[in-house]
Amino acid sequence: VTDFGWSWKNPGDTCETEPERKHPCDDSLFPEAKDLADESCDVLLTPPFSECNGVIDPATAIYNCKYDTCSCADSSCACHAVKNYVKQCVEAGITAVDSWREFVDYCPLSCEAGLF
């Protein structure tokens, strides 16, 4: 809704600045979402992910992970941020994360129909 409202601003008009969006974990519609996000996303600070922390800073991944998880109140929403962090680690040559799916039950490996 806010984006739509700001889209009506005329070029060159001076308006107040757009309010900063709150992190959904700070004022979640789902009270249990913050604890769920902490549990699902802070895994990036533990082995095997922590092997990568010195090369790829996990702060952005954790922030995005918690944002997504609190927005939907489901740990499966953490999967994208975790997969993205693992991808960055692998691209940086960190092989310790190869078995990462064993540590996150909310992010199963899925195959296209007919592929096993």
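Q: Helices here are DSSP runs of H or I with at least four residues, numbered from the N terminus. With that in hand, how many helices and strands does the chain have?
A: This is a predicted model, and its chain has four helices and zero strands. Along the sequence, the pattern reads α-α-α-α.

Q: Which elements have the lowest and the highest mean pLDDT?
A: Helix H1 (residues 2–7) has the lowest, at 66, and H4 the highest, at 96. For the chain, the mean pLDDT is 85, with 81% of the residues at 70 or more. Where pLDDT is low, the predicted coordinates should not be read in detail.

Q: How do you know that the length of H4 agrees with 1.5 Å a residue?
A: Helix H4 (residues 79–91) has 13 residues. The expected span is 1.5 Å times one less than that number, so it should come to 18 Å, and the end C-alpha atoms are indeed 18 Å apart.

Q: Which residues of H4 are buried, and what covers them?
A: Cys79, Ala81, Val82, Tyr85, Val86 and Cys89 are buried. Their cover includes helix H3 (59–72).

Q: What comes after H4?
A: Just after the helix, glycine 93 takes a positive phi of about 90°. Serine 99 sits in the segment that follows H4.

Q: Why is serine 99 called partly exposed?
A: Its relative accessible area is 28%. Buried means under 20% and exposed means over 50%, so serine 99 falls in between and counts as partly exposed. Its C-alpha atom is 7.8 Å from that of proline 48, although 51 residues separate the two along the chain.

Q: What about H3: how do you know that its span agrees?
A: Same recipe: at 1.5 Å a residue, its 14 residues should span 20 Å, and the end C-alpha atoms are 20 Å apart, so the two agree.

Q: What makes the buried residues of H3 lie on the same side?
A: The residues in question are Ala61, Ile62, Cys65, Lys66, Thr69 and Cys70. They cover an arc of only 150° around the axis, so they sit on the same side of H3. In an α-helix there are 3.6 residues a turn, so residues three or four places apart point the same way. The buried residues of H3 pack against helix H2 (33–41) and H4.

Q: Why does threonine 69 count as buried?
A: Its relative accessibility is 0%, and buried means under 20%, so threonine 69 qualifies. Leaving out residues up to four places away in sequence, it touches Leu36, Ala37, Cys41, Asp74, Ser75, Cys77 and Ala78.

Q: Why is the pair of tyrosine 63 and tyrosine 67 called tilted?
A: The structure holds one aromatic pair. The ring centres of tyrosine 63 and tyrosine 67 are 6.4 Å apart and the planes are at 35°. Centres within 6.5 Å make a pair, planes under 30 degrees apart are stacked, and those over 60 are edge-to-face, so 35° leaves this pair tilted. Both residues lie in H3, four residues apart, about one turn of the helix.

Q: What makes those two tyrosines partly exposed?
A: Tyrosine 63 has a relative accessible area of 46%, and tyrosine 67 has 30%. Partly exposed lies between under 20% and over 50%, so the label fits tyrosine 63 and also tyrosine 67.

Terms used
Residues are numbered from 1 along each chain as its sequence is written. This is a predicted model: local features need pLDDT of at least 70, side-chain atom pairs count only at pLDDT 80 or more; totals for chains, interfaces and linings use all residues. Side-chain values use heavy atoms; hydrogens and water are left out. Helices (H or I, at least four residues) and strands (E, at least two) are DSSP runs, numbered from the N terminus. Buried means under 20% relative accessible area, exposed over 50%, partly exposed in between (1.4 Å probe, protein chains only). Contact means heavy atoms within 4.5 Å. Rings of Phe, Tyr and Trp (its six-membered ring) pair if their centres lie within 6.5 Å; planes under 30 degrees apart count as stacked, over 60 as edge-to-face and the rest as tilted. The arc is that of the directions from the helix axis to the C-beta atoms. pLDDT is the predictor's confidence in each residue, from 0 to 100.
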